[in-house]
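Please read the following alongside the sequence and the coordinates. The text goes through a sheet, a surface patch and the cysteines.

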Amino acid sequence: MRNDRLSNSYDIHTAILSNEEVAEAHYLLRCECAEIAKHARPGQFIHVMIPQGSGLLLRRPFTIYTVEGSEITMLYQIIGDGTKQLSEMPKDAPLQVLGPLGNTFNYTTKPEPAILVGGGAGIASLMLLAVALRKKGIETLGLVGAQYHARLLSVADLESIGIMVYIATDDGSVGHHGYITDLLTDLLKGSRNRGCKPLLHPTIYACGPHGMLSVVTKIAADFEVPAQIAMENRMGCAMGVCLGCVCPVRTDTDSFEYQRVCTEGPVFNAADIVWDVF
């Protein structure tokens, strides 16, 4: 059924095709949503209704991870009652899915290269973008961070489409021992040979915890590199009505306004976010 309040979105009754754990406390859910699959663009998300009887009144927002034919997937982390119940739902269980929602990443100006920076489950917001960039023949580097090895996500998926991936874990169990932003700084400094061409006109695309995104924003500014970020705020309605997902966005040098992540976002120019207001 077409959602009249959101002219480019669809409210679909569907069923789970698969729902599998892919890393510690992280699941990949697959369902058939032909209209959403057809219209989904990199950075957009869906709003999922957990079935009646769950005791949950509000839908939950999830990034569209992949699209294949009429099917979409979402990669999610268990962080509360809603995602815990979702992780326990079996194949053929009913779902109601609204989407695609939100704006998209901009890659009309060809980056050389594109640098994807994903912290934890934030990498889920970058997978559709990764596929779109590779289809355009754009060199793409993936920087993937996790708390530890068991929570590392999407590395094989990124490598399967020809993306060179660099890994950081907080505890050093795999890859760089430290933050993914350390690797971003190294990459932009050119202090290590990472087997890629010179960074002629790089663009950063990032998603992850707010603390990580604020550091990415500073690094991008220090190196004068454009950066786009996907925000992951809590949402109520996902239609711009409840104002529960707002974030401070700079309107000029001295002022800002609160914009809705669900409608004006979730993608913003990193330099426009006023991080010290959070």
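What follows is an account of a predicted model.

The sheet comes first in this account. Seven strands make up an open sheet with antiparallel pairing, and their order across the sheet is 4-3-7-1-2-6-5. The edges are taken by strand 4 (60-63) and strand 5 (66-68). Each of these two has a single partner strand, so one side of each is left without a neighbour in the sheet. On average, and with direction ignored, neighbouring strands of this sheet are turned by 35° against each other. The partner of strand 5 is strand 6 (residues 71-77), and the two pair in the antiparallel sense over three bridges. Within this pairing, Thr66 has Thr73 of strand 6 as its bridge partner.

The next topic is the surface. Phe256, Tyr258 and Val277 form a nonpolar patch there, and together they have about 270 Å² of accessible area. Of these residues, Phe256 is found in strand 15 (residues 255-260). Phe256 has a relative accessible area of 37% and is therefore partly exposed.

The cysteines remain. How many disulfides does the structure hold? The number is zero. A disulfide requires two cysteine sulfur atoms within 2.5 Å. For Cys237, the closest cysteine sulfur is that of Cys242, at 3.8 Å, which is too far for a bond. Cys237 counts as buried because its relative accessibility is 18%, and the cut-off for buried is under 20%. For Cys247, the closest cysteine sulfur belongs to Cys245, and the distance of 7.9 Å is again too far for a bond. Cys247 is also buried, with a relative accessible area of 0%.

How values were computed
Residues numbered from 1 in each chain as written. Predicted model: local features only at pLDDT ≥ 70, side-chain atom pairs only at ≥ 80, totals over all residues. Heavy atoms only, no water. Buried < 20%, exposed > 50% of the residue type's maximum accessible area, 1.4 Å probe, protein only. Patch = residues over 30% accessible without salt bridge, like charges linked within 9 Å, V, L, I, M, F, W, Y side chains within 5 Å. Areas by Shrake-Rupley, 256 points an atom, 1.4 Å probe, with all protein chains shown as cover. Salt bridge = Lys/Arg side-chain N within 4 Å of Asp/Glu carboxyl O. Helix = DSSP H or I, 4+ residues; strand = E, 2+ residues; numbered from the N terminus. Pairing = 2+ DSSP bridges. Axes fitted to C-alpha atoms, helices over the stretch in contact; angles between N-to-C directions.
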